[in-house]
Amino acid sequence: MEQARRKIAVRGITILALFCAAFIVLRWEKMNSLLYLDPPRWLHEFSRVARGELPYRDFSFQYPPFAAFLYGWSLRWFGTTFFTAQIITDIVSILVVALCWALIVRLLPAGLWLATSLSVVAVCGTSLMFFNLFSFVTYIPALQTGAVGILMVLIALLRYLRARHLGLAGWTMLACGGLVGCLSKPEFIMASIAAVAVAAALRRDPLFALRAGAVVFLPSLVIYALLGNMVGWSELRAAIGGYGLATASCPWWPTGVGIFGAAAALGEAALIAVVLSLPQRARFAKIYGRRYTQLAAASIAGAIVFIAYIMYRNWDAVAAPLGWMERVRSIAPSILFTSAVLEPVLWPAILVFAVLAWRWLRIRQLDERDEALLLVCAATLAMASRSIFGSTQSPFPEVAGVC
């Protein structure tokens, strides 16, 4: 059995590496423009760090400092060129993929390792904005470095849940992950708090919460303290708060449109689940009985809600006198773009987290797989909370890129 798993792992890692290499070649040093959107902005900001300037003091920078110092110092040491920036981007991206693989191996049966990993790379390698791998065309590389950090934290905490101890390697991974994540973006601080709290609660170990919290958060707090003394506390606080943008609106508040979008995502998820179950519908009906029939009925209602939501979002394109191709081109992003595709993943994950949390509160016991799922959902949903009903850019629900 172990030998078979090892063969699957070797084959999977080989194929995954070739898949990543193809994306590296295809996206090498490609950008849409040097004049507008986010990549020119952060490349310019990192080049200023390379010249010896300090973020927050010498120029505005609306994120924690890790990515700025990683890129800025690397550009200073190895040359302020697109080649150097691309190499750093690819190294960070490979780390994200490798850590995703390590997490997937711990969560799923061997037969799903490769398919799931390839799906992660396909989603993150083709998204042309926000969270993107192997490309300059991303919102800010702090998302990728933060993903490295939170993945390390999750892997270490999964080890703790299963072995009930961490060991030197586990504590080191937890410390490094916490440092990188908490210095990358604020949502990774939220995710780390949620992950540590859930892991400690599952083991009913408040002492572990204190020890893990100290290991995850104290190193970054020391760096924030040193940086605040150098650049000024008000400047640092304003920058990490996005100079007011983070509090300009309350996107997580459940507005009418946001609730409509959530219902549409759940309806779409029910429809997809039923469609995928049809080849084995007799087995599903035998195992789940009446609940399977209820899911099938819910999928019909869900499909109606989903279609109504798409019509609502695209009413101008639906009602306008457009040709069919132009109409399809206008409507497609609300169905096929990354956030839209992941909406029916996010909302069932919210329900799964709620059910598992309620079950644990009632009986104080979950099996190993449910514990792992609760932990991963806790971290992911802590980050997703900023946009589940809408964002500062849109009244419609979105899936935060890093989630």
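Biologist: At roughly what angle do the axes of helix α2 (residues 38-50) and helix α3 (residues 66-78) cross?

Modeller: An axis is a line fitted to C-alpha atoms, for helices over the stretch in contact, and the angle, from 0 to 180 degrees, is taken between N-to-C directions; helices (H or I, at least four residues) and strands (E, at least two) are DSSP runs numbered from the N terminus. Here the axes of α2 and α3 cross at roughly 60 degrees and come within 7 Å of each other. The two helices are therefore oblique to each other, given that under 35 degrees counts as roughly parallel, over 145 as roughly antiparallel, 65 to 115 as roughly perpendicular and the rest as oblique. The model is a predicted one, in which local features need pLDDT of at least 70 and side-chain atom pairs pLDDT 80 or more, whereas totals for chains, interfaces and linings use all residues. Residues are numbered from 1 along each chain as its sequence is written, and side-chain values use heavy atoms, without hydrogens or water.

Biologist: In which hand does α2 pass α3, and which residues of α2 meet α3?

Modeller: The crossing is right-handed, a word used when the near helix is turned clockwise from the far one by less than a right angle, with anticlockwise giving left-handed. From α2, Trp 42, Phe 46, Ser 47, Val 49 and Ala 50 are in contact (heavy atoms within 4.5 Å) with residues of α3 that include Phe 69, Tyr 71, Trp 73 and Leu 75. By class, this contact has ten nonpolar, two polar and one charged residues, where Ala, Val, Leu, Ile, Met, Phe, Trp, Tyr, Cys and Pro are nonpolar, Asp, Glu, Lys and Arg charged, and the others, Gly among them, polar.

Biologist: How do α3 and α4 cross?

Modeller: Their axes come within 10 Å and cross at roughly 135 degrees, so α3 and α4 are oblique as well, and α3 passes α4 in a right-handed crossing. Leu 70, Tyr 71, Ser 74, Leu 75 and Phe 78 of α3 make the contact with Thr 84, Ala 85, Ile 88, Thr 89 and Val 92 of α4. These residues divide into seven nonpolar, three polar and no charged.

Biologist: How many cavities of 30 Å³ or more are counted, and which residues line the second largest cavity?

Modeller: Rolling a probe the size of a water molecule over the atoms shows where empty space is left. On a 1 Å grid over the protein atoms alone, a cavity is a set of points where a 1.4 Å probe fits but cannot get out, a pocket is an open set with protein on both sides within 12 Å along at least five of seven lines, and lining residues have an atom within 4 Å of a point. By this rule there are two cavities of 30 Å³ or more, and the second largest holds about 50 Å³, a volume being the space filled by probe spheres set on the points, which are joined across faces, edges and corners. Tyr 71, Thr 89 and Val 92, already named in the contact of α3 with α4, are among its lining residues, together with Ser 93, Asn 132, Ser 135, Thr 138, Pro 141 and Gln 144. Helix α4 (residues 82-107) gives the most to this lining, with three residues, and the lining has three nonpolar, six polar and no charged residues.

Biologist: What is the volume of the second largest pocket, and which residues lie nearest its centre?

Modeller: That pocket has a volume of about 1,000 Å³, and of the 20 residues lining it, Ala 273, Tyr 288, Leu 295, Pro 348 and Val 352 lie nearest its centre. Two or more lining residues come from each of α11 (256-277), α12 (281-288), α13 (290-313) and α17 (338-363), with α11 giving the most, at eight. The lining has 18 nonpolar, one polar and one charged residues.
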